[in-house]
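Let's take a look at how some helices sit against one another, and then at a pocket. Keep the picture open while you read.

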Amino acid sequence: MMSGLTEADFQQAATTLNVPLAIVQAVAEVESQGQGFLPDGRPVILFERHIFYKRLKQYGLDIAQLTQDCPHIVNVSPGGYQGGVMEYERLAMAQQIHETAAYEAASWGIFQIMGLHWQALGYASIDGFVQCMQRSAREQLMAFIRYLKHQPTLIHALQTQQWALFARGYNGIDYARHAYDLKLAQAWNKYMRVDVDNC
């Protein structure tokens, strides 16, 4: 069991997406070690300063000045990660600039779904999306299902174990630098062995 989710929860997601159970378990492990919440009860997040830069630009803010004043949270390049609870400090600083863009620039929960996808995934607002991510691990799992249903090429990549294709689409063009594809393959093999052992 991972972060409040049962094997039945994972199996339901796998059935809905038409992928093996081990696939969903592998993605959860690679994205967040299977943990959707911090010890203090807040959802696991990762604040992406380069996404914040893009969202602020779309909202018409003075990006040039902000990148000079706050390069640790407004930047054309990824980075500046602090991890754990420290990511909420970065988020709080970003919220002082633009709350909506700040929420949109964070990835949330077990499956690290970016807030910027809230509308495409059928949430009424970014605040509604965040509230769902705060509510439960099952809500985080549902967001993952919604996201993949909106990205059928990613489902196909999982069905055919094309890890690099999935990692590029899910984690971005720098996926190889972080070895997401290799980590997915390793986690997949691990969970497949567990399934076989339990037969």
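## Helix 1 meets helix 8

In this predicted model, helix 1 crosses helix 8 in a right-handed way. Helix 1 covers residues 7-17 and helix 8 covers residues 137-149. Their axes are 10 Å apart and the packing angle is about 15°. Angles under 35 degrees count as roughly parallel, so that's what we call helix 1 and helix 8.

Which residues of helix 1 and helix 8 make the contact? From helix 1 you get D9, Q12, A13, T16 and L17, while helix 8 brings R138, L141, F144, I145, L148 and K149. Sort the residues of this contact by class and you'll find 6 nonpolar, 2 polar and 3 charged.

## Helix 1 meets helix 2

Helix 1 has another partner to check out, helix 2. Here the packing angle is about 110°, and the axes lie 8 Å apart. Anything from 65 to 115 degrees is labelled roughly perpendicular, and therefore helix 1 and helix 2 get that label. The crossing of helix 1 past helix 2 is right-handed.

On the helix 1 side, the contact uses E7, F10, Q11, A13 and A14. Helix 2 answers with L21, V24, Q25 and A28. The class tally for this contact is 6 nonpolar, 2 polar and 1 charged. Try finding A13 in your view: this residue of helix 1 takes part in the contact with helix 2, and it also takes part in the contact with helix 8.

## Helix 9 meets helix 10

Next up is helix 9 (residues 152-159), which packs on helix 10 at an angle of about 150°. The two axes are 8 Å apart. Over 145 degrees, a pair counts as roughly antiparallel, so helix 9 and helix 10 fit that description. The crossing is left-handed.

What does helix 9 put into the contact with helix 10? It offers L154, A157 and L158, and these meet W163, L165, F166, G169 and Y170 in helix 10. Charged residues are absent from this contact, which has 7 nonpolar and 1 polar.

## The largest pocket

Now for some empty space: the largest pocket has a volume of about 1,200 Å³. It is lined by 38 residues, and L46, E48, S107, N171 and Y180 are the closest to its centre.

Several elements give two or more residues to the lining, namely helix 2 (21-32), strand 1 (45-47), helix 3 (49-58), strand 3 (113-114), helix 10 (163-171) and helix 11 (180-197). How does the lining split up by class? There are 15 nonpolar, 14 polar and 9 charged residues.

Methods. Residues numbered from 1 in each chain as written. Predicted model: local features only at pLDDT ≥ 70, side-chain atom pairs only at ≥ 80, totals over all residues. Heavy atoms only, no water. Axes fitted to C-alpha atoms, helices over the stretch in contact; angles between N-to-C directions. Helix = DSSP H or I, 4+ residues; strand = E, 2+ residues; numbered from the N terminus. Left-handed = near helix turned anticlockwise from the far one by under 90°. Contact = heavy atoms within 4.5 Å. Nonpolar A, V, L, I, M, F, W, Y, C, P; charged D, E, K, R; others polar. 1 Å grid on protein atoms, 1.4 Å probe; cavity = no way out; pocket = protein on both sides within 12 Å on 5 of 7 lines; lining within 4 Å. Points joined across faces, edges and corners; volume = space filled by probe spheres on them.
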